[in-house]
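Please read the sequence and the model side by side. The paragraphs below go from the whole chain to its parts and end with some details of the backbone.

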Amino acid sequence: MRNFASIAELLNQDRPGYTLPQALYTSEEAFRFDTEVMLKSVWLYACTVAHVKNPGDFYVFEMANNSVFIVRGRDGEVRAFYNTCTHRGSRICQVQAGTMPRIMCPYHFWTFGLDGKLIAARGMPDDFDKGAHNLRQVALENCGGLLFICLADNPPPIEPAKQDIAAAIGIYNMDKLKVAAVEDLHDTANWKLVMENNRECYHCEANHPELLNSLSGSGFGRGNPEDGDAADEDDVTAQVERWKAMGVWRDLVEFPDGGWHRVGRLSLAHGALSQTMDGQPASRKLIWPVEHAEPTSVSVWTQPNSWHHFCCDHVVTFSVMPQGPDRSILRTSWLVHEDAVEGEDYTVENLTHVWKATNRQDRHLAEMNHAGIVTDGYRPGPYALEENLVDAFKTFYVERAKAALEAAGQP
Ligand code: 3BY
Ligand code: FES
Ligand code: FE
C-alpha cells in the first residue's frame, strides 16, 4: 500500500463537532486514500435483489478505478465479481445492467458460468488449469433485499446490522418488487459532501418544496409540532399505537455501538401516504402487508454510502459512488410491486417526481459546499444541533479511516 502519512496527519487534526480539514474533502491524495483504503474496509451498498431479479441479470457498481458486477446465478444465488477477466484482464460487463446466459468476456470470449467458474477458453495448452482461473469474487451480503459489497480481503462483521435491517424491511418483500426507474446524477462534489448533505434537514425548509409535501423536518420525518407539519404529539402517539397494532411498527435505532446503520419507522408529513407531489400512493399495488396505505415510511440509512425510503407503495433507494476528488455519482432507483403495470398502476413521472427534484436541489447544495471548501478561506466549521447525524457520518469516516490505516501498519 502507498504511504498515507499525510492523511494520518489530517485525520489527527479532526476536531470533534466540526467539519473535516479541507484537504480531506478536496485533495487527490485523500481521494486515493478513500477509494484505495477507507472505502475498501467497509460495506458499500450496491443495489437491490430487484436489480438482479432473474438468473443471468447483472448490475455494475463502480467506484473510482474499481468495477464490480453483481449477477444472479442459475441456483438463484446472487454473487459479486470484479469486472475483470482472468485471461488478460479485460473489462467484462460493458454496460450498466443487462441479462446474460453466461458471463462472456468480449475480448477473446473466455466464458464463465453465472457462478464465476471458467467454462471455456479456446486454444489454451493441454495442461491449462481452468479451475485456477475462475472470476475473482467480491464479498456480498443480502440484508433483507439490499445488497452490500465489501472490497476487503477480510470484510468486517456485518451482523447484527444485517439481521436488524432485514427485520425492518422484511414486510416490504423486496423479492416481489421490480425496478421501475433508475437515475444517475453526476455531482461535482466530493462524495463525503454528498453524504453529509443527506444526513441533515437543516437545509430542507428552504430547499425542498416537493419533498416537504411528505417529509417532516426534525428527525427526518418524525412529526414535530413546531414544524407545523406531521402531526401533534398526540397524533404521533396514536399513529405509533396504530402501527403497532398492525404489526408494522419499528423502533428507531441510530448507528448503535459505532455501527453503520440507522433504521426506523417515521411519520410522513401532512398525512401524505407516499413521497409524491399529491401525497397519494404513486403505485396502486401496495407493497406492505396492510391493505390500505398509511402516512409512514420505514427508512434505512447506512454508513458510508446509502439511504432508502420504504413507502407503502414504492421504495426509493440511493447509492453514492465516488468517482474523483470532486466527482460523485448519486444513483437513485425506484421500485414498485412486480405486478404493477406502468401506465395503469403507476407512471414513472409521478413515481420519480419528488426525488428527481430533490436530488437536483441536493446536488446544487453539495456542489456549492465543495466550491466553498476549496477556497483558501475555508476552516472547519461547527455542526448545528440538528446536524448530529452529519457528525455521526464524519465520526464514522474518521474512525474507520484511522482503523484502516492502523490495520495497514500506518498509524
Ligand atoms: O432522504 C433523507 O434521508 C434526507 C432526510 C432529509 C433530507 N434528506 C434528503
Ligand atoms: Fe478476456 Fe481475453 S481478456 S478473454
Ligand atoms: Fe436535501
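What percentage of the contacts in the chain with a separation of 6 or more comes from residues 24 or more positions apart? The share is 65%. The model is a predicted one, and its chain contains 9 helices and 17 strands. A compact globule of 411 residues would have a radius of gyration near 22 Å, and the chain agrees with this because its own value is 22 Å. The C-alpha trace extends over about 75 × 55 × 35 Å along the principal axes. Of the 411 residues, 44% count as buried.

One part of the chain carries an annotation. In an unreviewed entry, UniProt places the feature "domain: Rieske" at residues 44–149. In the model, residues 44–149 are 0% helix and 42% strand. The C-alpha atoms at the two ends of this stretch are 5 Å apart.

The interior comes next. In soluble globular proteins, nonpolar side chains tend to be buried together. Here the largest nonpolar core comprises 108 residues. Those with the most contacts inside this core are Leu44, Ala46, Phe61, Phe69, Ile70, Phe148 and Ile149. Ala46 can serve as an example: with neighbours within four places in sequence left aside, its contacts are Phe61, Ile70, Leu147, Phe148, Ile149 and Ser319.

Gln137 belongs to strand S9, which covers residues 137–143. Is Gln137 buried or partly exposed? Gln137 is partly exposed, because 13 other C-beta atoms lie within 10 Å, while a buried residue needs 20 or more. Apart from residues up to four places away in sequence, Gln137 touches Arg79, Ala80, Phe81 and Gly116. Asp115 is 22 residues from Gln137 along the chain, and their C-alpha atoms are separated by 9.4 Å.

Two helices show how elements are covered. Helix H5, residues 191–198, is mostly covered, with 8 of its 8 residues buried. The buried residues of H5 include Trp191, Leu193, Val194 and Met195, and also Lys192, Glu196, Asn197 and Asn198.

Helix H8 runs over residues 348–373. At 1.5 Å a residue, its 26 residues should span 38 Å, and the end C-alpha atoms are 36 Å apart, which agrees. H8 nevertheless has a kink of about 35°, centred on Val354. Val354 is itself one of the buried residues of H8, together with Leu351, Thr352, Trp355, Thr358, Asp362, Leu365, Ala366, His370 and Ile373. An α-helix has 3.6 residues a turn, so residues three or four places apart point the same way. The cover over the buried residues of H8 includes helices H2 (22–26), H5 and H6 (204–207). Strands S11 (177–187), S16 (315–324) and S17 (327–337) also contribute to that cover.

The loop between S17 and H8 holds Val341. Val341 is exposed because 12 other C-beta atoms lie within 10 Å, and the limit for an exposed residue is 12 or fewer. Val341 and Lys285 are 56 residues apart in sequence, and their C-alpha atoms are 9.0 Å apart in space.

Some backbone details remain. Most residues other than glycine have a negative phi, and most peptide bonds are trans. Which peptide bond ending at Pro160 is cis? The bond in question runs from Glu159 to Pro160, with omega near 5°. Pro160 sits in the loop that joins strand S10 (146–150) to helix H4 (161–169). The peptide bond from Gln303 to Pro304 is also cis, with omega near 0°. Pro304 lies in the loop between strands S14 (296–302) and S15 (306–310).

Positive phi values occur in two loop residues other than glycine, Asn173 and His270. For Asn173, phi is near 40°, and the residue lies between H4 and S11. Asn173 counts as partly exposed because it has 15 C-beta neighbours inside 10 Å. For His270, phi is about 55°, and its loop is the one between strand S13 (261–267) and S14. His270 has 16 C-beta neighbours inside 10 Å and therefore also counts as partly exposed.

Technical notes. Residues are numbered from 1 along each chain as its sequence is written. Chains are lettered from A and ligands numbered from 1 in the order in which they are written. This is a predicted model: local features need pLDDT of at least 70, side-chain atom pairs count only at pLDDT 80 or more; totals for chains, interfaces and linings use all residues. Helices (H or I, at least four residues) and strands (E, at least two) are DSSP runs, numbered from the N terminus. The radius of gyration is taken over C-alpha atoms; the globule rule is 2.2 Å times the number of residues to the power 0.38. Two residues are in contact if their C-beta atoms, placed from the backbone, lie within 7 Å. UniProt positions are given in the numbering used here, feature names are shortened, and annotations may be inferred rather than shown by experiment. A nonpolar core is a set of buried Ala, Val, Leu, Ile, Met, Phe, Trp, Tyr and Cys residues joined through C-beta atoms within 7 Å. The expected span of a helix is 1.5 Å times one less than its number of residues. The bend at a residue is the angle between axes fitted to the seven residues ending there and the seven starting there.
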